Number of protein chains: 4
Amino acid sequence: MTIKVGIFGSGLVSMHYITGLYRLREGTLKPYGVPFADFKLPYNFTDEEVVTVYDVDEDKVGHELREVIKRNINVDVPIPDSIPQLKIKKGILGGSSAGLDKIFKPIGLDQEIGLEDAIEEITRDLKRSSVDVVLNLISTENVEDVKSVEDLKSRIKEGRLSASQAYAFATYLAAIDSKKPIAFVNFIPSPLANSDVFVELYKEASSVILGDDGATGATPLTADLLEHLKERNRYVRYIVQFNIGGNTDFLALSIPERNLMKEKTKSSIVKDILGYDAPHYIKPTGYIKEIGDRKFVSMDIEWITFNGLIDELIVNMRINDSPALAGLAVDAVRISKALLDKGERGTVYEFNAFFMKNPGPKHMPNISRIRAYYNLLEYLKKREILMN
Amino acid sequence: MTIKVGIFGSGLVSMHYITGLYRLREGTLKPYGVPFADFKLPYNFTDEEVVTVYDVDEDKVGHELREVIKRNINVDVPIPDSIPQLKIKKGILGGSSAGLDKIFKPIGLDQEIGLEDAIEEITRDLKRSSVDVVLNLISTENVEDVKSVEDLKSRIKEGRLSASQAYAFATYLAAIDSKKPIAFVNFIPSPLANSDVFVELYKEASSVILGDDGATGATPLTADLLEHLKERNRYVRYIVQFNIGGNTDFLALSIPERNLMKEKTKSSIVKDILGYDAPHYIKPTGYIKEIGDRKFVSMDIEWITFNGLIDELIVNMRINDSPALAGLAVDAVRISKALLDKGERGTVYEFNAFFMKNPGPKHMPNISRIRAYYNLLEYLKKREILMN
Amino acid sequence: MTIKVGIFGSGLVSMHYITGLYRLREGTLKPYGVPFADFKLPYNFTDEEVVTVYDVDEDKVGHELREVIKRNINVDVPIPDSIPQLKIKKGILGGSSAGLDKIFKPIGLDQEIGLEDAIEEITRDLKRSSVDVVLNLISTENVEDVKSVEDLKSRIKEGRLSASQAYAFATYLAAIDSKKPIAFVNFIPSPLANSDVFVELYKEASSVILGDDGATGATPLTADLLEHLKERNRYVRYIVQFNIGGNTDFLALSIPERNLMKEKTKSSIVKDILGYDAPHYIKPTGYIKEIGDRKFVSMDIEWITFNGLIDELIVNMRINDSPALAGLAVDAVRISKALLDKGERGTVYEFNAFFMKNPGPKHMPNISRIRAYYNLLEYLKKREILMN
Amino acid sequence: MTIKVGIFGSGLVSMHYITGLYRLREGTLKPYGVPFADFKLPYNFTDEEVVTVYDVDEDKVGHELREVIKRNINVDVPIPDSIPQLKIKKGILGGSSAGLDKIFKPIGLDQEIGLEDAIEEITRDLKRSSVDVVLNLISTENVEDVKSVEDLKSRIKEGRLSASQAYAFATYLAAIDSKKPIAFVNFIPSPLANSDVFVELYKEASSVILGDDGATGATPLTADLLEHLKERNRYVRYIVQFNIGGNTDFLALSIPERNLMKEKTKSSIVKDILGYDAPHYIKPTGYIKEIGDRKFVSMDIEWITFNGLIDELIVNMRINDSPALAGLAVDAVRISKALLDKGERGTVYEFNAFFMKNPGPKHMPNISRIRAYYNLLEYLKKREILMN
Ligand SMILES: NC(=O)c1ccc[n+]([C@@H]2O[C@H](COP(=O)([O-])OP(=O)(O)OC[C@H]3O[C@@H](n4cnc5c(N)ncnc54)[C@H](O)[C@@H]3O)[C@@H](O)[C@H]2O)c1
Ligand SMILES: NC(=O)c1ccc[n+]([C@@H]2O[C@H](COP(=O)([O-])OP(=O)(O)OC[C@H]3O[C@@H](n4cnc5c(N)ncnc54)[C@H](O)[C@@H]3O)[C@@H](O)[C@H]2O)c1
Ligand SMILES: NC(=O)c1ccc[n+]([C@@H]2O[C@H](COP(=O)([O-])OP(=O)(O)OC[C@H]3O[C@@H](n4cnc5c(N)ncnc54)[C@H](O)[C@@H]3O)[C@@H](O)[C@H]2O)c1
Ligand SMILES: NC(=O)c1ccc[n+]([C@@H]2O[C@H](COP(=O)([O-])OP(=O)(O)OC[C@H]3O[C@@H](n4cnc5c(N)ncnc54)[C@H](O)[C@@H]3O)[C@@H](O)[C@H]2O)c1
Ligand SMILES: [Mg+2]
Ligand SMILES: [Mg+2]
Ligand SMILES: [Mg+2]
Ligand SMILES: [Mg+2]
């Protein structure tokens with residue numbers, strides 16, 4: 001019972017997912033950071049298998065996956081030989097590549113053969129590899145939701161669809177064509193599980209689109225801290241959250257064209273959890289290469305306690321940014337496959353509320369992580385996915 | 001529908017409870033720090049009324065309550081004139097007064113008339129004042145649980161019962177004699193809700209004994225942080241938690257004879273929540289008068305994330321120690337009265353799990369605060385106490 | 001022996017200087033935060049007297065100084081009645097007012113009568129009040145140094161001189177006209193003590209121009225931390241310094257047009273002290289009104305210690321921003337008057353190196369504060385200003 | 001021009017010194033953490049050579065030095081093959097070994113042959129190896145200063161001299177006998193450079209005894225922070241400093257018998273630098289094995305700034321404890337040899353004030369590190385030791 005996984009983007013999260021997965025399969029890694037490792041689910045980690053990987057960085061496209069990983073993960077993680085022998089394939093740049101050239105030399109299928117044919121090409125490859133689950137792990141992009149299927153199609157014609165939207169559409173086509181449900185897990189901020197149009201398309205294809213924006217880093221912790229305060233009816237005077245890192249994700253966010261999406265998903269938690277919009281400054285703030293992937297987070301929260309007095313909480317963190325999401329991905333893959341097996345269609349809020357910063361469908365609130373966790377457990381039990 | 005409240009101990013928590021309560025009644029204070037302020041419960045804050053207060057500090061006993069408060073709360077909190085005109089009564093020292101003389105001049109009823117008569121005297125006063133709810137807010141004491149009712153009685157004879165145990169027994173007698181249920185809320189670490197003997201006695205008296213050790217400060221937050229880590233299956237390498245303050249509670253804890261109790265209730269959360277006993281150092285650490293009641297907390301937690309890498313979380317807090325518990329007390333009073341009305345007897349784990357650091361009955365686990373909160377809500381709904 | 005002080009800008013620093021000074025004169029304030037309070041200098045604090053104050057905020061110009069202070073300093077500081085009865089005068093907007101209208105309604109003398117006449121009007125007032133020392137405490141402005149006296153004059157004609165430059169020139173004219181040395185102390189980032197042209201003009205007027213940018217907040221502390229590391233030959237991997245506040249100074253800095261100056265003076269210390277340009281992110285980062293004047297600072301520094309291992313230092317601060325500079329101003333006034341008495345002309349690096357973030361004259365390095373402090377002491381002794 | 005170094009104690013500091021030194025000699029390590037690496041001194045690092053090493057841990061005595069290092073330094077530091085082939089020799093336990101047996105199995109020469117003969121045996125070995133400089137790096141011991149040479153001698157007779165005192169006396173004898181000056185560098189808290197008797201003995205032997213207690217960790221930084229505050233006349237309300245680590249040094253300090261010395265040297269800086277004894281809690285606080293040698297330090301300082309307002313500074317550090325002192329040792333060795341060459345005798349305050357927490361001779365004050373650094377530079381220039 002293998003789960004075939006396709007991945008868009010072979011950056012740090014992608015590489016940590018692949019490396020960790022094959023270490024888990026080899027039995028040389030403890031599954032720390034994999035939320036449901038101790039639960040009995042229909043699939044094991046060892047059932048996951050990476051079958052196709054895309055990128056648009058000239059230094060990666062056409063290169064051996066394992067070599068690219070060795071070159072890029074330069075922290076103390078052994079790279080297992082069991083990583084499959086795959087060449088990274090050329091992906092789609094679409095209408096969202098502005099600013100990428102400040103980070104690497106971007107090359108795309110669509111530059112050669114146009115967006116429409118490029119999407120078809122990806123669709124063919126996904127069918128050929130008979131993927132079950134697809135992970136979207138490309139660089140953050142600025143993107144506007146499509147208004148309708150017509151809008152989507154005319155944007156394809158004009159080459160104005162974003163890369164994520166193009167991948168989500170190619171995956172939909174593959175599911176339709178092959179009559180085989182596929183789960184598209186969108187870990188980046190682009191609104192896909194938050195797009196009514198895409199959710200409808202995936203229903204039509206008996207598939208699921210899950211997202212948006214993987215819930216790791218300071219934001220889920222902030223959510224639980226706010227819940228903690230809310231439950232004591234403390235009145236939050238303000239929240240400050242700084243983030244600085246040295247990976248290319250932070251570099252991308254320091255390019256003004258690419259930053260906007262992130263800020264939005266990070267701030268929505270305040271109002272959703274507290275019930276009022278406490279003054280806040282929550283932002284990826286800067287980039288220093290030497291910080292590497294272990295980002296520095298600093299938070300300051302003041303609140304009014306009983307008798308009108310003021311308390312203060314300061315949090316400082318050093319967090320390995322990409323492994324955090326990679327660990328979630330391990331469970332996201334096997335759970336989303338189980339959801340498909342149980343006949344889920346469209347999107348699944350209970351999944352998204354735990355795994356994502358901006359849980360789809362549209363207009364659904366952010367809840368604290370701890371609540372989302374117990375809701376998800378209950379949901380998985382009800383759907384007979386969780387078996388203990 | 002008044003709730004008559006008796007209080008053992010007129011220290012900082014007690015005084016913040018009284019001051020805040022009468023400001024709430026006057027409508028000059030927002031109920032921040034009162035957990036269920038926005039929920040509909042059978043009683044309002046304004047139904048609570050303080051009718052009798054005890055202490056053993058020579059500088060307080062026999063003095064006007066309002067004057068004592070004015071002299072002692074020297075932060076920026078207005079002291080309302082509506083605080084009832086009560087003289088603080090002389091309490092019991094019992095067998096747990098070792099070391100108190102390093103803080104103030106202790107005087108006790110039992111010194112004059114012996115422990116047995118002193119208990120009777122308190123019982124009479126509680127009946128006379130027809131108290132519904134009693135709060136135990138005396139200084140932390142070192143105390144050993146009683147083994148049986150006989151043991152309890154022989155300790156009374158020998159004057160070896162601790163002050164808290166003596167108060168809990170006097171309250172039990174008052175309930176029995178007057179055939180009127182009373183709730184004893186034990187906010188200090190002495191094992192009362194964790195004592196099988198006391199829980200049985202309270203059942204017999206159709207009353208409840210709730211406790212032990214009010215859940216405020218860094219420990220409940222630590223509980224929720226550990227839950228957060230646990231839900232992501234991160235492996236905690238160690239936990240450090242320092243606490244330093246300048247109130248007499250910290251002064252008491254810096255006296256070796258009086259410290260032992262606290263350490264125990266603070267550490268039990270680690271194993272209960274994580275499932276393994278992560279190495280930890282969790283202690284009230286020191287006393288500096290100038291820090292006052294706004295204690296300084298410092299925490300350091302390291303864990304293993306996905307792919308075997310190490311993350312670190314540092315938390316620093318400045319917390320108004322006593323108001324935090326005083327805010328909980330406001331709700332504890334009206335909820336425990338509602339529990340009596342609904343016929344609860346003995347102790348109530350759901351209540352204790354949220355309000356207390358060491359929730360009784362004995363051997364029941366600590367759970368994260370966020371879980372305890374939702375469990376309590378559900379419980380209150382089921383018992384038709386929570387009406388929205 | 002009175003020192004007559006004129007002030008440009010009646011914002012928070014200015015108001016804290018005035019309030020604190022008159023509390024010191026009344027003997028109701030301990031001189032904490034005044035560096036040389038315990039040293040014997042030719043003048044006492046009590047010799048300082050505020051004689052004229054300017055602003056361009058419609059809500060302040062023409063209003064009674066004491067009333068404006070009462071309205072604006074809403075922290076726990078008593079406002080003494082001895083503050084002189086002065087109306088705040090209308091200042092110059094000059095060529096540097098872009099963006100100010102996002103903070104308040106700006107009005108300037110130069111709008112009515114043109115820049116040239118406005119400067120003359122200020123000159124007349126300074127002479128009339130026979131000021132000895134002038135403090136520049138206006139909002140941060142973007143400004144370019146003048147290239148020559150001709151350039152300065154043609155900018156006046158075209159109305160393109162910045163407000164600070166206009167004030168510095170008006171002060172120069174007052175000194176020339178009245179043949180009385182005046183000290184111009186520039187506490188804001190505009191390059192005046194770093195301007196060769198202005199330093200020459202002040203020499204000509206037997207006066208001094210001291211600056212630039214008052215050394216308070218996280219930057220002087222960072223300087224001393226870097227010196228500490230340097231002296232142990234630790235290799236700094238990177239430095240992060242976030243600053244967020246809620247005063248109008250931070251509001252101004254959050255307006256892009258007004259931010260540039262500050263970043264420059266804050267970063268220069270790294271290379272000057274370490275000898276290499278360690279990667280750094282040092283910035284006023286954000287504005288949240290509720291934080292008020294007590295800004296939040298967060299720093300993260302990593303370095304390589306012996307045997308190639310990595311240490312980390314995290315600093316969090318809550319600092320009353322404006323009082324810090326106001327305390328320095330008290331000593332800056334009496335020392336700069338003493339410098340005039342001793343015949344100093346132009347600018348004085350030893351003074352600037354301690355009191356300023358960007359010490360003039362141009363191209364002089366930043367040194368650590370502790371070194372600057374001892375250098376200044378030595379200098380003051382040599383000049384017979386320091387008498388113990 | 002070789003400097004022959006003997007070492008008492010082969011714990012973490014000792015092993016990091018040796019490892020780092022031979023990496024420096026091999027040219028495979030940058031001299032970060034070696035304060036005067038960039039200065040021109042009479043000796044280079046490469047002139048230092050370890051000739052004899054002592055310990056009393058059964059697991060170390062008689063074992064090959066390099067093997068012991070490999071077994072014990074389990075962080076990411078390569079152990080060079082060039083480390084000399086030496087067996088660790090059996091040292092003296094003396095009268096200060098109480099509690100050591102909780103850490104390892106202690107064995108001593110004096111147990112076999114008595115203290116007097118054991119001292120002679122060490123003396124012989126030091127002469128045989130013709131050591132120039134001796135480092136004292138044994139576990140912290142509780143020790144009382146000797147009152148006179150007679151007192152010292154009678155304590156030897158009774159076996160009551162502490163190990164450090166015994167080593168210092170053996171070194172003195174070696175210098176006397178061989179008529180060759182030796183420098184004894186005492187990096188532990190035992191009062192040797194603070195002992196009038198020992199300083200006199202070393203004068204007599206034309207030698208120097210330098211100490212006491214190597215200045216690394218949070219204390220030197222605290223010194224410089226206090227200096228920074230002092231120079232601005234800020235009034236320190238209180239200082240909290242927690243330290244927790246997982247090396248055997250912390251383990252030793254968690255044994256009550258061995259802790260007292262440390263607290264004393266750590267607190268003296270407050271009064272010496274501020275001029276008043278600000279309330280403080282400065283202590284090694286706890287031991288958690290998993291923290292390892294990279295200790296966690298947390299500090300909280302509040303002060304009164306101008307206008308009576310309160311600022312707060314929180315510092316959190318992760319510091320490699322032992323390498324910090326090892327880096328100082330590299331320079332201490334070559335500078336103390338140069339001091340001998342220049343004819344220094346007794347002790348040298350200028351050296352101690354920078355390198356030591358409790359600089360001898362007795363009753364000399366602690367000054368801030370930054371001041372001590374510049375004083376030392378000046379002193380070294382005056383003595384023609386520093387040549388640039
Ligand atoms: N903890 C986390 O790291 C975290 C949390 C939430 C969301 N995310 C999101 O996950 C994504 C990946 O993060 P990362 O740290 O791996 O970033 P990364 O910069 O290391 O990797 C992104 C990769 O995507 C590639 N790419 C860019 N555009 C592409 C396209 N059109 N088609 C195919 N590949 C493309 C890039 O070349 C790069 O290899 C980001 O969007 C990030 O915002 C990450
Ligand atoms: N956040 C919190 O402050 C918090 C949290 C959990 C538990 N607690 C517990 O609450 C209790 C009260 O805390 P506090 O801050 O008010 O302490 P406190 O020291 O200010 O007050 C204790 C009061 O109890 C009095 N007292 C002592 N022995 C007595 C006796 N035998 N009979 C009657 N009065 C007696 C003392 O004289 C004093 O007035 C402590 O035991 C503390 O451990 C407090
Ligand atoms: N610790 C500190 O607060 C600190 C440290 C270094 C430098 N500074 C500098 O000091 C200056 C004052 O700081 P603040 O906190 O008082 O700011 P603020 O915003 O409270 O006050 C500035 C005042 O200047 C007035 N102003 C603006 N333009 C003017 C003009 N052309 N003429 C006359 N008045 C004018 C404004 O109306 C306002 O009243 C700022 O430039 C700041 O960068 C402050
Ligand atoms: N940064 C620092 O690590 C630092 C700073 C200041 C002072 N110090 C002092 O330096 C000393 C060494 O620190 P460490 O981290 O290496 O400690 P450690 O515990 O790792 O090493 C001490 C060694 O001394 C040995 N020893 C104990 N008694 C002895 C004796 N009588 N004769 C010979 N050897 C003996 C022990 O067996 C052990 O090998 C300690 O006293 C410590 O207080 C260390
Ligand atoms: Mg990332
Ligand atoms: Mg308390
Ligand atoms: Mg300011
Ligand atoms: Mg050590």
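**Close-up 1. Polar contacts where chain A meets chain B.** In this predicted model, 30 residue pairs are in polar contact across the interface of chain A and chain B, both partners being at pLDDT 80 or more. Salt bridges are another story: the count between these two chains is zero. If you are wondering which parts of chain A touch chain B, the elements that give two or more residues are α1 (12-26), α7 (218-230), β9 (294-304), β10 (310-320), α10 (321-341) and α12 (369-382) of chain A. The largest share comes from β10(A), with eleven residues. Sorted by character, the residues on this side of chain A are 33 nonpolar, twelve polar and 13 charged.

**Close-up 2. How much of chain A and chain B is in contact?** The question for this view is how many residues of each chain are in contact. For chain A it is 58 residues, and they meet 58 residues of chain B. Put as an area, about 5,000 Å² is buried between chain A and chain B, and carbon and sulfur atoms give 56% of that. Three residues to look for are A:Tyr32, A:Phe306 and A:Asn307, which supply 18% of the area that chain A buries against chain B, more than any other three residues. As background, the accessible area lost when parts come together is often how the size of an interface is given.

**Close-up 3. Two β10 strands pair across the chains.** Here β10(A) sits alongside strand β10 (residues 310-320) of chain B, and the two pair in the antiparallel sense. Seven bridges join these strands. To pick out one of them, start at A:Ile314 and look across to B:Asn316, its bridge partner in β10(B). In general, strands of a sheet pair through backbone hydrogen bonds, and they do so either parallel or antiparallel.

**Close-up 4. The side of chain A that touches chain C.** Now turn to another partner of chain A: 23 of its residues are in contact with 23 residues of chain C. The area buried between chain A and chain C is about 2,000 Å², with carbon and sulfur atoms giving 67% of it. A:Phe242, A:Glu290 and A:Phe296 supply 26% of the area that chain A buries here, more than any other three residues.

**Close-up 5. Salt bridges and polar contacts between chain A and chain C.** How many salt bridges are there between chain A and chain C? The count is six. One salt bridge to find is that of A:Asp300 with C:Arg318, where the closest N and O atoms are 3.8 Å apart. There are also ten residue pairs in polar contact between the two chains, both residues being at pLDDT 80 or more. On chain A, the elements giving two or more residues to the side that touches chain C are β7 (235-245), β8 (280-287), β9 and β10. Of these, β7(A) gives the most, with six residues. By character, this side of chain A has twelve nonpolar, five polar and six charged residues.

**Close-up 6. The surroundings of ligand 1.** Ligand 1 is surrounded by 30 residues, and the closest are A:Asp55, A:Ile92, A:Ile138, A:Tyr167 and A:Thr248. The side chain of A:Thr248 has an N or O atom 2.6 Å from an oxygen atom of the ligand. For A:Lys60, an N or O atom in the side chain is 2.8 Å from a ligand oxygen atom. A polar side-chain atom of A:Asp249 lies 3.4 Å from an oxygen atom of ligand 1.

**Close-up 7. The surroundings of ligand 2.** There are 30 residues around ligand 2, and those that come nearest are B:Asp55, B:Ile92, B:Ile138, B:Tyr167 and B:Thr248. Look at B:Tyr167, which has a polar side-chain atom 2.6 Å from a nitrogen atom of the ligand. B:Thr216 also reaches a ligand nitrogen atom, with an N or O atom of its side chain at 2.7 Å. For B:Thr248, a polar side-chain atom lies 2.6 Å from an oxygen atom of ligand 2.

**Close-up 8. An open sheet in chain B.** Six strands of chain B make up this open sheet, in the order β3-β2-β1-β4-β5-β6, with parallel pairing. β3 (89-90) and β6 (208-210) stand at the edges and have a single partner strand each, so one side of each is left without a neighbour in the sheet. Elsewhere in the sheet, β1 (residues 3-8) and β4 (residues 133-136) of chain B run parallel and are joined by four bridges. B:Phe8 has B:Asn136 as its bridge partner in β4(B).

Terms used:
Residues are numbered from 1 along each chain as its sequence is written. Chains are lettered from A and ligands numbered from 1 in the order in which they are written. This is a predicted model: local features need pLDDT of at least 70, side-chain atom pairs count only at pLDDT 80 or more; totals for chains, interfaces and linings use all residues. Side-chain values use heavy atoms; hydrogens and water are left out. Contact means heavy atoms within 4.5 Å. Buried area is the accessible area (1.4 Å probe) that two parts lose on being put together, summed over both. A salt bridge is a side-chain nitrogen of Lys or Arg within 4 Å of a carboxyl oxygen of Asp or Glu. A polar contact is a pair of N or O atoms within 3.5 Å; within protein, one must be able to donate a hydrogen and the other to accept it, and residues adjacent in sequence count only if both atoms are side-chain atoms. Ala, Val, Leu, Ile, Met, Phe, Trp, Tyr, Cys and Pro count as nonpolar, Asp, Glu, Lys and Arg as charged, and the others, Gly among them, as polar. Two strands pair if DSSP finds at least two bridges between them. A residue is near a molecule or strand if one of its heavy atoms lies within 4 Å of it.
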